Amino acid sequence: MYDAGKIITGIIIFLVLMTSPFWLNIASGKGSYKPEIKIATEEKQCVADTDYMKAAHMDLIYEWRDQVVRNEKRIYTSSNGKTYNMSLTKTCMNCHSNKSEFCDRCHSYVGVTPYCWDCHVEPKEVVQ
Amino acid sequence: MLEKALYGDRRYWTWVIFLMTLMGIGFLFYLRQLEYGLGITGLSRDVTWGFYIAQFTFLVGVAASAVMVVLPYYLHDYKVFSKMTILGEFLAISAVTMCVLFVVIDLGQPMRAVNIILHPTPSSIIFWDLIVLNGYLVLNALISRVTLDAERKSIAPPKWIKPIIILSIPWAISIHTVTAFIYCGLGGRPFWFTAILTPRFLASAFASGPAFLILLVMILKKFTKFDPGKEPIFKLSEIITYAMSLNVFFILLELFTAFYSGMHEHQQSFLYLFFGIDGHARLVPWIWTSIILAVFSLILLFNPKTRRNEKFLTIACISVFLSIWIDKGIGMVVAGFVPSPLGKVTEYWPTIPEALIALGVYALGFLLITIFYKIALSVRGEVAK
Amino acid sequence: MSFDRRKFIKIAGLTTIVTLTGKPVFDAIAADSPLNVSTEPNRLTAKRWAMAVNTKKCLEKEGCTDCITACHHIHNVPDFGNPKDEVKWIWHEKYENAFLDQENEYMEEKLKDKPVLVFCNHCDNPPCVRVCPTQATFRREDGIVMMDWHRCIGCRYCVAACPYGSRSFNWRDPRPFIKEIVPDFPTRTRGVVEKCTFCDERLAIGLQPACVEACKEKALVFGDLEDPKSEIRELLKANFSIRRKPALGTQPEVYYIV
């Protein structure tokens, strides 16, 4: 390898710069921060298990979307036999009407910006 | 081999930095377009394709024209083109790259472009165009790389590359055929709905591409030690003469069927282009410029004395290139939308941001040509003068 | 050293390509929907939906825009106030423009220069569906030419292909130009194409299209062409009707009684 010294030094500087946000957060004590979400409904059960929803709600929403728009299927039956209207604004946001305290908290923590709201209308939130 | 593009004199770097500045300006305006939407262009509800898609169409022709040097050399063993083929292939790579970029900047939702691959739809001509264009890019990248590498090592290119080169010949025809199919398969657009559109596209491609190649060779001759000799230039100029004559002939055929038949809807777009409709005549001066340049170039090309004179040939090549650029790069696409399916005349003209974004793409294409030609000439030790 | 720069770049490039293409290929192989889904029990169904526009009745109340207002309101169609950015699903067009191929200088006065309602024809052989590179616009089995706004990449090939000018593109963000946003229906985002969908969202819950419901003159009749006893079939049996540009072979499913 030519210029091994320069290349290795370069890689090390690159890695340090890339990972610096993590080190800074740990140093300032924010490393253990976890987003807290609030659930604003009396409903006991979501359309699927909490664990599944936490991990894969986006897959479920994508599937609902395709079923409604492309296959004319609008009714979803959950594992306990309850039926739901497959609608982001009418079903999901009916319970989770507090978008800023529910959806946004995790999404901004993990740095994703779902484009759902470019078109679908956000629920009007009561400012507390 | 790429490192050869990193060494150059002051003139080389000034040119590179100039192109990069244009690219930067184009990119900034593209960011603005992403933010605001395609409404930043001059396009409207009635004229939904314009400058971007027209440049794409024109450049597909330039890309396809590489076949005009590859075919005689590899199929007919026409040795005169030995120094030219690599230039043709590199021009093709740069042109196809610009084509792809022009399509991407024309998309309303470019970040969803991958949907074309995720949901492949063989009934859509765009699907096939994507395949042939990218295939052509890969073929030319591979061929130019392998042949140039062999030249650098002063050995014959490996045998397996020959069938790939032969494949690239029909493939070049296919890219412009499929691109013409995008237009001529639409029953609701009488201006494009003509079987002669594909041959017309090919004829104009085989005139404008080689014309551009001659101009590039003239520039290289001026600034570098590169000199392919007179013979390939004259051969190319003959090809241009035939192709340009056919192109003009095909346009006349279109005019005959539209106006002799008297079919109203087939005449409308021609009337708009040549004379304007109800005072809407923005393209009229352009299309007449294109016609005058076409006739002028043919006069220079038909006459062997002027064709074999480098000065006149250069003027003829510039005329051919500009004539076809106006015809395909402005007229052909826009006129298909005028009048609209509801018989309304809406005019279109590119806006400044639109023109600067397009210029940025062209700058990138020229940067690629510069770098590729620099590499090719460095390998042959023909750089400095 | 055997592992030179060129080899490194080659391997890095190949790795990138495999990584980028791997997921879509994997997803395509993966199984169908695992969810238990079904259709609405109350939905309206048909073998082939179609619309009849009774222009005689429509012209009795010239200047009426009830159907247009209703449609554009419930579907959050923006009003940009200029023809360049314009988005519209259903609108009035002069008879001569709507029926370009019916050119006739001495047309009867009750039609000449009179407005005719135009909207998507939901063709049986739709050119827009044929050209769409992502199946963002597709023909349902009941004849509705649907739009999947999630999938549209905004190439506008469908706009070029439509012989009726029925499609609109969102040249810019439509939200600020919607007078009153109806929360139950999505707005669109910049860069996608939109058009009439025969109110698929209303058919799904047992309602007629909004324009049909809004028309007090009953000038719009919506129904199943394959059902010989349907209102639309009775109407077409008893009246002379024409379609827009039938010579193109698109088989438009909007019939005009003139």
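Where in chain B is the place of B:Ser154? It's in the loop between helix 6 and helix 7 of chain B. This is a good spot to start, since B:Ser154 has a positive phi of about 55° even though it isn't a glycine. Most residues other than glycine have a negative phi, and most peptide bonds are trans. Chain B also has something to show on the second point: the peptide bond joining B:Val338 and B:Pro339 is cis, with omega at about -5°. B:Pro339 sits in the loop between helix 13 (310-335) and helix 14 (352-379) of chain B.

The model is a predicted one, which brings up the matter of confidence. For chain B the mean pLDDT comes out at 94, with 99% of the residues at 70 or more. Within chain B, helix 11 (residues 284-302) has the highest confidence, at 97, while helix 3 (residues 67-75) has the lowest, at a mean of 90. Where pLDDT is low, the predicted coordinates should not be read in detail.

Next comes the contact between chain B and chain C. Chain B puts 47 residues into it and chain C puts in 49. The size of an interface is often given as the accessible area lost when the parts come together. Here, about 3800 Å² is buried between chain B and chain C, and carbon and sulfur atoms give 51% of that. There are 35 residue pairs in polar contact between the two chains, counting pairs with both residues at pLDDT 80 or more. On the chain B side, at least two residues come from each of helix 1 (10-36), helix 5 (115-118), helix 6 (125-152) and helix 7 (161-184). Helix 6 of chain B gives the most, with 5 residues. Sorted by class, the side of chain B that touches chain C has 21 nonpolar, 17 polar and 9 charged residues.

Then there are the salt bridges. Side chains of opposite charge can pair when their charged atoms come close. Over all chains, the structure holds 36 salt bridges, and 2 of these lie between chain B and chain C. One pairing across that contact brings together the side chains of B:Lys344 and C:Glu93, at 2.2 Å from N to O. Chain A has a link to chain C as well: A:Arg74 forms a salt bridge with C:Asp200, and their closest N and O atoms are 3.4 Å apart. This pair runs from the loop between helix 2 (50-71) and strand 1 of chain A, where A:Arg74 is found, to helix 7 (residues 200-203) of chain C, which holds C:Asp200.

Chains A and C also share an open sheet, built from 3 strands in the order 2(A)-1(A)-1(C) with antiparallel pairing. Strand 2 (83-85) of chain A and strand 1 (37-38) of chain C stand at its edges with a single partner strand each, so one side of each has no neighbour in the sheet. The link across the chains is made by strand 1 (residues 75-77) of chain A, which pairs with strand 1 of chain C in the antiparallel sense over 2 bridges. In that pairing, A:Ile75 has C:Ser38 as its bridge partner.

Another open sheet belongs to chain C, with 4 strands in the order 9-2-11-10 and mixed pairing. Its edge strands, strand 9 (220-224) and strand 10 (241-242), each pair on one side only. Strand 2 (residues 49-54) of chain C runs antiparallel to strand 9, and the two pair over 5 bridges. Across this pairing, C:Ala52 stands opposite C:Val221 in strand 9.

Notes
Residues are numbered from 1 along each chain as its sequence is written. Chains are lettered from A and ligands numbered from 1 in the order in which they are written. Side-chain values use heavy atoms; hydrogens and water are left out. Contact means heavy atoms within 4.5 Å. Buried area is the accessible area (1.4 Å probe) that two parts lose on being put together, summed over both. A salt bridge is a side-chain nitrogen of Lys or Arg within 4 Å of a carboxyl oxygen of Asp or Glu. A polar contact is a pair of N or O atoms within 3.5 Å; within protein, one must be able to donate a hydrogen and the other to accept it, and residues adjacent in sequence count only if both atoms are side-chain atoms. Ala, Val, Leu, Ile, Met, Phe, Trp, Tyr, Cys and Pro count as nonpolar, Asp, Glu, Lys and Arg as charged, and the others, Gly among them, as polar. Two strands pair if DSSP finds at least two bridges between them. pLDDT is the predictor's confidence in each residue, from 0 to 100.
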